[in-house]
Amino acid sequence: GSAIAYAIRKPRPGYLSFALGFSAGAMVYVSFVELLPNAMHGIGKLQGVVFFFLGVAIAVLMDVLIPTGRSPHHLPGLGPPDRAGDGEVLMRVGTLTALAVGLHNFPEGLATFGAALSSSRLGIITAVAIALHNIPEGIAVSMPILYATGSRRKAFGLSFASGLAEPAGALIGYALLQPFLSDALLSGLLALVSGIMVYISLDVLPVAHRGGHAAVVGTVLGMLTIAVSMLLL
């Protein structure tokens, strides 16, 4: 997903629109079909809802704390920015997505670690499923930064760095949290993750739609890709 910055020779508005829509569709589908239901099964519906909206609140706080003079919801155009303001907004979208992906990758690393504790097979299945939906997340970080800066190295570097939070979560789980891990704790983390993912998906979709119908096609294909991968696994 991060390497998409090197695969595109000439950025076009439709590419960014499709990529953002694809990642948003994938994250929304995973959140509502897999993460949140599993969380509610483990800790109950009320607690699942509480942790979900706590995740949303964390994402809103990240949104507020990222310094910018403009909102991504008012992006005047999509494509290689001609004005500094457009680049600033796209850079903010990429940075916010990188923070959200990094934050939600951390508990996913914990979740994979916990699954592997109970069964090697379950750990492998969980890791493969998470890896599949990490690809569009890497695209969601890489593409806006490529458009904002024109630097493939920056786009790849920030996107790749956001993914490193996942093995970090597994390492910290191994080093510190193994004695305290429980089904309830992992379920709460999954609900928290789903709230963050849904917020960031809704936050980037208005930007994606400035590029036209490619965003809608990307959103549907993102959902379909994750749906098929979940059925196969």
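Over residues 69-84 of this predicted model, pLDDT stays under 50, and the model has 43 contacts beyond four places in sequence for this stretch. Across the protein, pLDDT averages 76, and 80% of the residues score at least 70. Among the elements, helix α4 (residues 84-118) has the lowest confidence, with a mean of 70, whereas helix α3 (residues 45-65) has the highest, at 87.

The interior may be considered next. The largest nonpolar core comprises 32 residues, and Leu20, Leu35, Met143 and Met197 are those with the most contacts inside it. At least two residues of this core are supplied by each of α2, α3, α5 (120-149), α8 (183-209) and α9 (214-232). Helix α8 provides the largest share, namely twelve residues. The surroundings of Leu35 can be listed individually: once its neighbours within four places in sequence are left aside, Leu35 is in contact with Val30, Leu190, Val193, Ser194 and Met197. A second core, separate from the one just described, has seven residues, among them Ala5, Val141, Leu146 and Ala155.

The aromatic side chains offer another view of the model. A pair of aromatic rings is described by the distance of the centres and the angle of the planes. Four aromatic pairs are present in the structure. In one of them, the ring centres of Phe18 and Phe22 are 6.0 Å apart and the planes stand at 35°, so this pair is tilted. Because Phe18 and Phe22 are four residues apart in helix α2 (residues 13-43), about one helical turn separates them. Their exposure can be stated for each residue. Phe18 has a relative accessible area of 30% and is therefore partly exposed. Phe22 has a relative accessible area of 16%, which places it among buried residues, since the cut-off for buried is under 20%.

The rings of Phe156 and Phe160 have their centres 5.6 Å apart and their planes at 15°, so that pair is stacked; the cut-off for stacked planes is under 30 degrees. Both residues belong to helix α6 (residues 152-163), where Phe156 and Phe160 are four residues apart, about one turn of the helix. Phe156 is partly exposed at a relative accessible area of 29%, and Phe160 also counts as partly exposed, with 45% relative accessibility. Elsewhere, Phe32, Phe52 and Phe53 form one aromatic cluster.

Helix α6 appears again in the lining of a pocket. The second largest pocket has a volume of about 230 Å³. Its lining consists of 15 residues, and those nearest its centre are Ser2, Asn134, Gly138, Ser159 and Gly163. Two or more lining residues come from each of α4, α5 and α6. Of these elements, α6 gives the most to the lining of the second largest pocket, contributing five residues.

A final point concerns Leu171, which is found in helix α7 (residues 165-177). With a relative accessible area of 59%, Leu171 is exposed, because values over 50% count as exposed. Leu171 and Phe106 are 65 residues apart along the chain, and their C-alpha atoms are separated by 9.9 Å.

How values were computed. Residues are numbered from 1 along each chain as its sequence is written. Side-chain values use heavy atoms; hydrogens and water are left out. Rings of Phe, Tyr and Trp (its six-membered ring) pair if their centres lie within 6.5 Å; planes under 30 degrees apart count as stacked, over 60 as edge-to-face and the rest as tilted. Buried means under 20% relative accessible area, exposed over 50%, partly exposed in between (1.4 Å probe, protein chains only). pLDDT is the predictor's confidence in each residue, from 0 to 100. Contact means heavy atoms within 4.5 Å. A nonpolar core is a set of buried Ala, Val, Leu, Ile, Met, Phe, Trp, Tyr and Cys residues joined through side-chain atoms within 4.5 Å. On a 1 Å grid over the protein atoms alone, a cavity is a set of points where a 1.4 Å probe fits but cannot get out, and a pocket is an open set with protein on both sides within 12 Å along at least five of seven lines; lining residues have an atom within 4 Å of a point. Grid points are joined across faces, edges and corners, and a volume is the space filled by probe spheres set on the points.
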